[in-house]
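Hello,

Here is the structure I promised to pass on to you. Have a look at it first, and then read on for my notes.

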Amino acid sequence: MIYLDLLLTFLKVGLFTFGGGYAMLPMIRDEVMAHGWMDQNELIDFIAVSESTPGPFGVNIATFVGTRTGGIFGGLCATLGVVLPSFVIILIVARCYQKFKSNKLVIGAMNGLKPAVVGLIAAALLSLSQTVFFPAGWSVSVFGTAQFYVSLGIFTAAVVLAFKKLHPILIILLSAVLGVIVGYAV
Amino acid sequence: MKQIQKTLSLLLTFMKIGLFTFGGGYAMIPLIQRETVENKKWISDEDILEIVAIAESTPGPIAINAATFIGWRVAGFGGALAATVGVVLPSFAIITAISFVLSAFQDILWIRYAFNGIRAGVLALIVKALWSMYKQSQKGIFAYLIMFGAFAVTAFLPVNVVFVILFCAAAGIVQALVVGRRNKR
């Protein structure tokens, strides 16, 4: 039952990701790959789409994965799944947020969660980098391919521009233009 | 009557916020501030800081957390529902449309080349996000242990991310209790 699977999977994503945005990436990567809904390349491509369209990453990817695997109703189930935990939890917390905010257990849990998210994103980044730089797996022969150096060049330029606070959409556009130029030139 | 007006206004305002913020998450906070504090005067600047703090320590997308919270404050359960539906609706409509055409584009040669470039660019965006989250995170031995442990376990072992998250939250609670007890003595 694809609809129930989409709903439950994205409920889990909505319930266990703290921090929003890229903090959701490790969990989403885990789930979409375990279900065979997307491969790593498709996931990276969709991050670019999500950065270039309005709305939160979590909602965008839920809608996309849901629609692709189960049509519009699938999209609805996945989106409902990712939104529902936030909605319910905020409604509960909103009534007592002063207490919630200064609760020792909540603060303690956050002290564990924030660095965990950093480690989790680093692991997801490592895995996604392998797909981009070493598409055929780790091997020395990669260093003889043009694609490797092209990706490395674009990546380095994009890192510099990202830290210079260039808007993400411009970075994606620029990477796309470079990709097209190099694609026809090589 | 006033309640219905407020609810409708929440729906439209959050649709606008959902439609005009690219990238999601923290990128939405300035627009939420402008619309709900400056334009509608539903909440105060202090409330915005409050909302960010709460959104950070509750699960799920920050935009959803903020929409639900503000909606509830302004018009109760109906308001929360209206604001949340509003902020989701533009994404949902746009991505649904895109998902039907994206696969058709992917066979065109120059678009394939474009995505070859884009993939490297996206990695850079993740590096940037990783760096900002590292800066926001606590420093110190405990935090570094958690960071490295979470990284090593998920990168090199077939462990479900949920378990890592639950374990790290539990470790944080234990650490807080131990430090709290030590300080009492």
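In chain A of this predicted model, the domain assignment gives domain 1, residues 2–133, and domain 2, residues 137–186. The centres of these two domains of chain A, taken over C-alpha atoms, are separated by 26 Å. Five residues from domain 1 of chain A and six residues from domain 2 of chain A make up the contact between them. On the domain 1 side, the elements of chain A that give two or more residues are α3 (40–51) and α6 (104–133). By class, that side of domain 1 of chain A has three nonpolar residues, one polar and one charged.

As for the chain as a whole, chain A has eight helices and zero strands, so you will find the order α-α-α-α-α-α-α-α from the N terminus on. Its C-alpha trace spans about 60 × 40 × 30 Å along the principal axes of chain A. Of the 186 residues in chain A, 52% are buried. If you take the contacts in chain A between residues at least 6 apart in sequence, 61% of them join residues at least 24 apart.

One helix of chain A that I would point you to is α2, residues 25–34. Seven of the 10 residues of α2(A) are buried, so this helix is largely enclosed by the rest of the structure. The buried residues are Leu25(A), Pro26(A), Met27(A), Ile28(A), Arg29(A), Asp30(A) and Val32(A). You may notice that Arg29(A) and Asp30(A) are among them. After α2(A) comes Gly36(A), which has a positive phi, near 70 degrees.

Another spot to click on is Ile169(A), which lies in helix α8 (residues 168–185) of chain A. Is Ile169(A) buried or exposed? Neither label fits: Ile169(A) has 14 other C-beta atoms within 10 Å, and because a buried residue needs 20 or more and an exposed one has 12 or fewer, Ile169(A) counts as partly exposed. Leaving aside neighbours within four places in sequence, Ile169(A) is in contact with Glu51(A), Ser52(A) and Phe22(B). That list includes a residue of chain B, Phe22(B), as well as two residues of chain A, Glu51(A) and Ser52(A). Gly20(A) is 149 residues from Ile169(A) in sequence, and their C-alpha atoms are 19 Å apart in space.

Now to chain B. The secondary structure of chain B comes to seven helices and zero strands, and along the sequence the pattern reads α-α-α-α-α-α-α. Chain B has a radius of gyration of 21 Å, well over the 16 Å that the globule rule gives for 185 residues, so chain B is more spread out than a compact globule. The C-alpha trace of chain B spans about 60 × 55 × 25 Å along its principal axes. Buried residues account for 45% of the 185 residues in chain B. Among the contacts in chain B between residues at least 6 apart in sequence, 49% join residues at least 24 apart.

The domain assignment of chain B gives domain 1 (2–104), domain 2 (106–136) and domain 3 (137–185). Between the centres of domain 1 of chain B and domain 3 of chain B, taken over C-alpha atoms, there are 31 Å.

How do the two chains meet? In all, 83 residues of chain B are in contact with 92 residues of chain A. The elements of chain B that give two or more residues to this side are α1 (2–20), α3 (45–56), α4 (62–105), α5 (109–136), α6 (141–156) and α7 (161–184). The largest share, 22 residues, comes from α5(B). By class, the side of chain B that touches chain A has 52 nonpolar, 26 polar and five charged residues.

Finally, a word on confidence. The predictor gives the complex an ipTM of 0.87 and a pTM of 0.87. Chain B has a mean pLDDT of 88, and 97% of its residues reach 70 or more. Among the elements of chain B, the lowest mean pLDDT, 82, belongs to α3(B), and the highest, 94, to α6(B).

Best wishes

Definitions and conventions:
Residues are numbered from 1 along each chain as its sequence is written. Chains are lettered from A and ligands numbered from 1 in the order in which they are written. This is a predicted model: local features need pLDDT of at least 70, side-chain atom pairs count only at pLDDT 80 or more; totals for chains, interfaces and linings use all residues. Helices (H or I, at least four residues) and strands (E, at least two) are DSSP runs, numbered from the N terminus. The radius of gyration is taken over C-alpha atoms; the globule rule is 2.2 Å times the number of residues to the power 0.38. Two residues are in contact if their C-beta atoms, placed from the backbone, lie within 7 Å. Ala, Val, Leu, Ile, Met, Phe, Trp, Tyr, Cys and Pro count as nonpolar, Asp, Glu, Lys and Arg as charged, and the others, Gly among them, as polar. Domain bounds come from an automatic or database domain assignment. pLDDT is the predictor's confidence in each residue, from 0 to 100.
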